[in-house]
Amino acid sequence: MKPFTYVRAQSPPTALSAAGRESGARYIAGGTNLLDLMKLEVESPPLLVDINPLALRGIEARAGALYIGALARLTDVAGNAQVRRNFPLVAIALEESASPQLRNMATIGGNLMQRTRCAYFRDVATPCNKRRPGSGCGALDGENRRQAVLGTSPHCIAVSPSDLAVALAALDATVHLSGSNGDREIELADFYRLPGDTPQIETALEPHELIAGVSLPLLPFASRSTYVKVRDRAQYDFALASAAVAVDLRGTTIREARIALGGVGTIPWRCAQAERLLAGAPADRESFERAAQAAMSGAGGRGANDYKIPLGRRTLIRALESAVAL
Ligand SMILES: Cc1cc2nc3c(=O)[nH]c(=O)nc-3n(C[C@H](O)[C@H](O)[C@H](O)COP(=O)(O)OP(=O)(O)OC[C@H]3O[C@@H](n4cnc5c(N)ncnc54)[C@H](O)[C@@H]3O)c2cc1C
Ligand code: SF4
């Protein structure tokens with residue numbers, strides 16, 4: 001790990017001005033992702049601004065939405081009664097993330113900002129356009145079993161790692177940001193950037209902008225929601241495929257659905273076409289298969305990850321079956 005300077009910020013303005021003074025500065029929250037990357041020298045920030053003292057931990061109802069502060073710990077959000085009652089898929093997605101120890105430290109903001117687990121990205125001896133723009137992509141013709149099949153580009157096929165982001169994508173969440181030019185909000189759908197030819201740019205955050213929190217509109221039918229995650233081992237692993245689903249069911253007919261996929265896309269993958277197909281359709285296997293086909297349309301693998309295309313479909317069908325059975 002390279003030497004760095006450390007400061008502890010006491011308020012958002014002091015955090016912003018400290019980070020703004022040093023190019024390459026990073027905020028540190030739980031440290032469970034950033035410290036790993038610093039030890040690997042994938043990231044070598046000259047300055048760490050510790051944001052833990054900031055009053056950004058609250059979880060509260062605000063203007064028809066549930067607001068979750070960026071420094072709320074994953075454990076606290078997963079266990080929160082309002083989250084469990086109104087957005088069970090968020091609680092499930094969090095409980096299926098990492099390990100209890102990590103969830104005790106990891107924060108909502110840090111989770112949304114965590115970097116890809118692509119092995120080439122994490123190995124500084126290999127080419128990676130995301131880590132070193134223009135150096136090439138080791139995964140394209142290398143080991144790519146875990147890489148994405150949706151939203152890829154000839155420059156990067158890294159899968160988006162956060163389970164929480166997938167659940168939030170299905171729920172039309174808003175990300176609240178604080179920057180030196182003031183506060184702003186952005187839809188989660190617009191927060192993550194496809195890799196295109198600039199895979200090093202992952203989000204719409206401006207330099208040194210801070211995530212203050214996220215809000216989830218109180219969608220009445222989000223209580224009938226679930227998150228299904230498929231992975232190599234049952235615990236402590238990232239998704240090979242996952243599906244976040246909320247369903248408004250009237251009798252045996254689906255009135256509305258919200259769907260996002262994880263583990264298969266370079267960003268959390270909202271499935272608008274599949275949602276349209278399900279609106280007004282019978283809640284049966286045939287409708288689910290049609291929706292799953294639409295959700296994975298346009299997917300393309302690189303050989304070792306081709307299995308993710310049928311796996312993504314099956315994961316979504318399982319999530320839809322589970323949601324209507326609730
Ligand atoms: C073994 C292991 C298994 C894991 N499994 C899973 C899994 O299954 N699913 C899953 O979703 N995650 C998983 N994770 C990732 C884990 O959830 C993240 O490491 C964690 O959520 C990051 O949060 P943090 O607060 O520790 O972030 P930090 O490490 O402190 O920060 C991460 C990044 O976010 C930035 N950042 C932090 N807070 C803010 C903010 N408020 N505003 C702007 N930028 C900010 C930091 O500058 C840094 O770049 C796993 C991690 C490990 C080590
Ligand atoms: S897939 Fe993306 S992160 Fe992985 S090596 Fe290629 S450019 Fe880097």
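## The ligand and its polar partners

Let's start at ligand 1: one of its oxygen atoms lies 2.6 Å from a polar side-chain atom of T107. Keep in mind as you look around that this is a predicted model. N111 also takes part, with an N or O atom of its side chain 3.1 Å from an oxygen atom of ligand 1. At A98, it is a polar backbone atom that lies 3.2 Å from an oxygen atom of the ligand.

How much of ligand 1 does the protein bury? Taken alone, the ligand exposes 970 Å², and the protein buries 95% of that.

## Who makes up the shell

Ligand 1 is surrounded by 32 residues, and the closest are Y27, G31, T32, T107 and D163. By type, the residues of this shell divide into 15 nonpolar, 11 polar and 6 charged.

Three elements give two or more residues to the shell: β2 (26–28), α7 (108–113) and β8 (210–217). Which of them should you find first in the 3D view? Try α7, since the largest share of the shell, 4 residues, comes from this helix.

## An enclosed helix

Now move to helix α8, residues 163–170. Is this helix enclosed or open? 8 of its 8 residues are buried, so α8 is largely enclosed by the rest of the structure. You can check them one by one: D163, L164, A165, V166, A167, L168, A169 and A170 are buried. D163 may look familiar, as it is also among the closest residues to ligand 1.

Both ends of the helix are worth a look. At the start of α8, a side-chain oxygen of S162 reaches to within 3.3 Å of the backbone nitrogen of L164. Just after α8, D172 takes a positive phi of about 55°.

## A buried serine

Next, find S242 in strand β10, which spans residues 241–250. Why does S242 count as buried? Its relative accessibility is 1%, and buried means under 20%.

The side chain of S242 makes a polar contact with the side chain of Y227, at 2.9 Å. Leaving aside neighbours within four places in sequence, S242 is in contact with residues including D163, V166, V228, K229, G262 and T315. Two of these names, D163 and V166, belong to the buried residues of α8.

## Cysteines

How many disulfides does a search of the whole structure find? The search finds 0. Two cysteines still deserve a glance: C118 counts as buried at 10% relative accessibility, and C156 counts as buried at 7%.

Definitions and conventions: Residues are numbered from 1 along each chain as its sequence is written. Chains are lettered from A and ligands numbered from 1 in the order in which they are written. This is a predicted model: local features need pLDDT of at least 70, side-chain atom pairs count only at pLDDT 80 or more; totals for chains, interfaces and linings use all residues. Side-chain values use heavy atoms; hydrogens and water are left out. A residue is near a molecule or strand if one of its heavy atoms lies within 4 Å of it. A polar contact is a pair of N or O atoms within 3.5 Å; within protein, one must be able to donate a hydrogen and the other to accept it, and residues adjacent in sequence count only if both atoms are side-chain atoms. Accessible areas come from the Shrake-Rupley method with a 1.4 Å probe; for residues, only the protein chains shown count as cover. Ala, Val, Leu, Ile, Met, Phe, Trp, Tyr, Cys and Pro count as nonpolar, Asp, Glu, Lys and Arg as charged, and the others, Gly among them, as polar. A disulfide is a pair of cysteine sulfur atoms within 2.5 Å. Buried means under 20% relative accessible area, exposed over 50%, partly exposed in between (1.4 Å probe, protein chains only). Contact means heavy atoms within 4.5 Å.
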